[in-house]
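Got the structure open in your viewer? Let's walk through it stop by stop, with something to select at each one.

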Amino acid sequence: MTVTIAREGSVVVVTVENPPVNALSQALRQALVEAVAELDADSRVKAVVLICAGRTFIAGADVSEFGKPPQPPHLPDVVAAIEAAKKPWVAAIHGSALGGGLEVALGCAYRVALVSASLGLPEVKLGIIPGAGGTVRLPRLIGAAAAVDLATGGSPVGAKKAEGLGLVDAVIDGDLRAGSIAFAESIAEKPLPLPISHRAVPAVEAGFWESAEKAVAAKAKREIAPLRALASLRKACETDFADAMAFERETFLALRGSEQAAALRHVFFAERAAPRPPELAGVTPRDIRSAAVIGGGTMGAGIAAALRDAGLPVVLIERDAAAVERGLANVRAIYDGSVKRGRMAQAVADQRMAGVTGGDDYGLLADTDLVIEAVFEDLVVKRAVFEKLSAVCRSDAVLATNTSYLDPGAISNGIAHPERFLGLHFFSPAHVMKLLEIVPTETTAPEVLAAGFALARQLAKIPVRAGICDGFIGNRILKVTRAQAERLLLSGAPPLAVDAAMRAFGLPMGPFEAQDLGGLDIAAFQRKAARERGETPFAPVAERLCALQRFGQKTGGGWYDYQPGDRSPQPSETVAAVIAEAATGRPQRAWDDASIADAILLPMVNEATRILEERVALRAADIDLVKIHGYGFPRWRGGPMHYAEARGLAEVVAVLDRLAAEGLAEAPSEGLRRAAAAGGFSAGTVGKRCGL
Ligand code: T1G
């Protein structure tokens with residue numbers, strides 16, 4: 001970490017360099033306070049430019065320091081020192097001025113930004129609120145309404161919008177350093193502007209806070225921080241600066257130690273580690289500049305759109321001209337939907353669509369870098385596709401299957417250059433869902449696996465390496481979720497209660513509502529394949545419902561009944577009768593939300609631990625990312641593995657032992673008992689049995 005001071009006439013440029021994102025470590029805070037004192041004492045200095053080296057302005061407090069006691073100088077004091085400086089400080093922003101970085105900029109007399117810069121207060125995404133005046137100075141500068149949007153939503157704004165809000169004083173297009181020095185020279189002789197902390201907050205109309213609270217609560221759902229940020233903003237608008245700062249700091253420190261903050265920090269670092277798995281360090285990925293998708297159904301069209309959204313030209317292959325037209329129409333429908341929802345301009349949609357070429361001739365793929373197969377989930381059908389691809393594609397092209405349940409090794413068996421093959425498991429809708437399970441086979445070359453991870457970065461997806469087993473990571477755990485949900489039905493908890501309990505835990509919907517949305521026939525198809533492999537999937541009620549052609553919303557009834565045109569689930573007498581019959585002779589017990597959640601979540605953790613033991617997943621955090629980005633597990637819980645660790649694995653094992661004794665779950669795995677004894681899932685505790 002360095003802070004360098006350079007003279008440009010009467011303007012001094014203070015350059016911060018603390019890679020990778022100029023986070024406000026203790027050393028940087030100290031250096032900034034010293035720079036203020038030094039420059040205040042230098043009469044030759046008329047103005048100061050604060051600029052950062054590297055890819056971004058200060059991206060906030062150093063999140064990696066959050067687990068430790070805060071060290072002085074504390075950030076509020078650093079900001080106050082800059083604000084009280086005798087010379088005007090100009091914050092010169094490029095990249096992202098986020099959190100504490102924006103708070104430092106709010107301490108400066110002026111802010112200028114490169115046109116490509118962004119500014120924001122993302123603290124709520126880490127389960128905290130700004131802790132150095134963000135909720136206190138921002139409303140004084142840009143008004144309460146705009147401040148509420150920024151601080152409770154956590155999303156940044158671009159430089160132009162920031163200028164419109166009055167958050168920055170000028171937008172610079174070109175050389176930021178030169179532009180900010182010129183700006184500093186232009187204000188150097190002017191009287192210092194009134195410090196933001198001394199400014200009054202513009203009044204708000206009656207009822208503003210009440211309606212803001214409703215809106216923030218609706219968006220935040222169970223996340224605590226957004227409403228706390230709102231409370232701090234209101235305090236800032238209704239009391240004096242000092243009281244408001246004290247309130248903000250107290251709230252910040254309280255949240256910093258909270259479970260939600262710990263969970264969101266865990267996810268923050270897991271998401272940053274995911275694209276760079278240590279096992280691929282130093283491996284150069286194969287280059288992907290062109291792509292193709294085989295199959296224009298729901299998944300194929302979504303994958304084609306995701307590739308186009310990343311700027312790749314796409315060829316969409318289908319078996320014949322009519323199918324090609326249907327496939328192209330499916331892609332077009334995705335863009336039409338985005339335009340209709342105001343998420344994309346028509347011109348952009350047309351440009352994206354123009355980059356999709358349809359065809360039924362595999363010869364079109366002779367020079368394509370990446371081909372992703374997304375045809376019907378049948379081994380014979382998929383193998384036929386790869387036989388053709390194996391013949392026409394370059395030996396260094398990357399060939400991938402989007403299978404969700406079949407063995408990629410079996411699909412690629414016999415193709416030429418099998419080292420160019422891997423599984424890329426997208427989640428529906430593929431152009432929206434962030435998760436990408438990357439499934440190498442025994443022969444996948446490291447540079448091809450690395451290409452999968454690089455593709456994920458290109459598509460702004462969260463990549464997780466998954467080993468080969470039935471359902472990889474996510475769907476394997478989903479099978480346990482569904483089996484546990486059925487066990488609950490047979491022991492006295494009706495679908496409505498199970499779904500309500502899982503929503504109360506924080507999931508967007510319960511297991512039965514989710515199946516009705518996706519279709520019970522999908523899981524039935526997988527169970528059939530599992531039985532053919534000699535497995536005994538547990539789904540006694542679902543099997544009976546499928547026999548009654550109750551496949552969910554699409555058939556007007558599944559676990560629930562649905563009125564035509566109405567997606568709200570209605571309890572079903574038919575289902576209740578099927579459950580009663582299947583539960584005959586089984587012990588019934590009373591269930592509440594917590595015990596239902598335990599009976600579903602803890603067996604998921606148990607299965608996830610087996611997945612770790614078998615190295616189908618390499619890190620517990622990877623499993624958390626899969627469940628959060630692929631299955632709606634609440635981010636603020638940190639994922640099932642983090643949740644279990646935070647709760648205490650010893651307690652998890654004890655509850656599972658009790659459930660197993662009642663025949664309501666499998667007993668804890670050896671790996672889970674070992675992790676409980678070791679106090680966590682960290683590397684090495686779970687895998688000992690495999691000699692890892
Ligand atoms: N602290 C520590 N490390 C950080 C960091 C931070 N704030 N931000 C990023 N990193 C690390 C990250 O782990 C990764 O490390 C590397 O930098 C590159 O990150 C008082 C208390 C800035 C938009 O929430 O949003 O200020 O994996 O891969 O895609 O009010 O990082 O290489 O070892 O994400 O170019 C508020 C969080 C903090 C911003 C760059 N600030 N960062 O994105 O790179 S709370 C944030 C980001 C706060 C005050 C409060 C992004 C980025 P490694 P990356 P990127």
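Start by selecting F472, which sits in the loop between β17 (462-465) and α18 (474-489). Keep in mind that you're looking at a predicted model. Check the backbone angles here: F472 has a positive phi of about 50°, and it is not a glycine. Most residues other than glycine have a negative phi. Is F472 buried or exposed? Its relative accessibility is 1%, so F472 counts as buried.

There's another one to click on. Q549 also isn't a glycine, and its phi is positive too, at about 60°. You'll find Q549 in the loop between α22 (540-547) and α23 (573-582).

While we're on backbone oddities, select P19 and P20. The peptide bond joining them is cis, with omega at about 5°. P20 belongs to the loop between β2 (11-17) and α1 (26-40). Then jump to P72 and P73, where a cis peptide bond also joins the pair, this time with omega at about -5°. P73 is in the loop between β3 (47-52) and α2 (75-83). Most peptide bonds are trans.

Now for the ligand. Select it and show what surrounds it: 27 residues, the closest being A61, G100, E103, E123 and R272. What kinds of residues make up this shell? They divide into 16 nonpolar, 5 polar and 6 charged. Color by secondary structure and you'll see that β5 (96-98), α3 (100-107) and α11 (259-273) each supply at least two residues of the shell. The largest share comes from α11, with 3 residues.

Next, turn on distances for three polar contacts:

- E103: a polar side-chain atom lies 2.6 Å from an oxygen atom of the ligand.
- R272: a polar side-chain atom is 2.7 Å from an oxygen atom of the ligand.
- A59: here a polar backbone atom is 2.8 Å from a nitrogen atom of the ligand.

Switch on the surface too: the ligand taken alone exposes 1,000 Å², and the protein buries 75% of that.

Hide the ligand and select strand β6 (residues 110-114). How many of its residues are buried? That would be 5 of the 5, so β6 is largely enclosed by the rest of the structure. Look at the side chains: Y110, V112 and L114 point one way, while R111 and A113 point the other way. Add strand β4 (residues 89-93), which pairs with β6 in the parallel sense over 4 bridges. To find your place, look for V90, whose bridge partner in β6 is Y110. Strand β9 (residues 170-172) pairs with β6 as well, in the parallel sense over 3 bridges. There, V112 has A170 as its bridge partner.

Last stop: strand β11 (residues 314-317). V314 and L316 point one way from β11 and V315 and I317 the other way, and all are buried. Bring up strand β10 (residues 291-294), which runs parallel to β11 and is joined to it by 4 bridges. I294 stands opposite I317 in β11. Trace the chain between these strands and you'll pass from β10 through helix α12 (residues 298-309) to β11, a right-handed β-α-β crossover. Finally, show strand β12 (residues 356-359), which pairs with β11 in the parallel sense over 4 bridges. Select T357 in β12 to see the bridge partner of V315.

Note on methods: Residues numbered from 1 in each chain as written. Predicted model: local features only at pLDDT ≥ 70, side-chain atom pairs only at ≥ 80, totals over all residues. Heavy atoms only, no water. Buried < 20%, exposed > 50% of the residue type's maximum accessible area, 1.4 Å probe, protein only. Pairing = 2+ DSSP bridges. Right-handed = clockwise from strand over helix to strand, strands pointing away. Near = heavy atom within 4 Å. Polar contact = N/O pair within 3.5 Å; in protein donor to acceptor, adjacent residues only side chain to side chain. Areas by Shrake-Rupley, 256 points an atom, 1.4 Å probe, with all protein chains shown as cover. Nonpolar A, V, L, I, M, F, W, Y, C, P; charged D, E, K, R; others polar.
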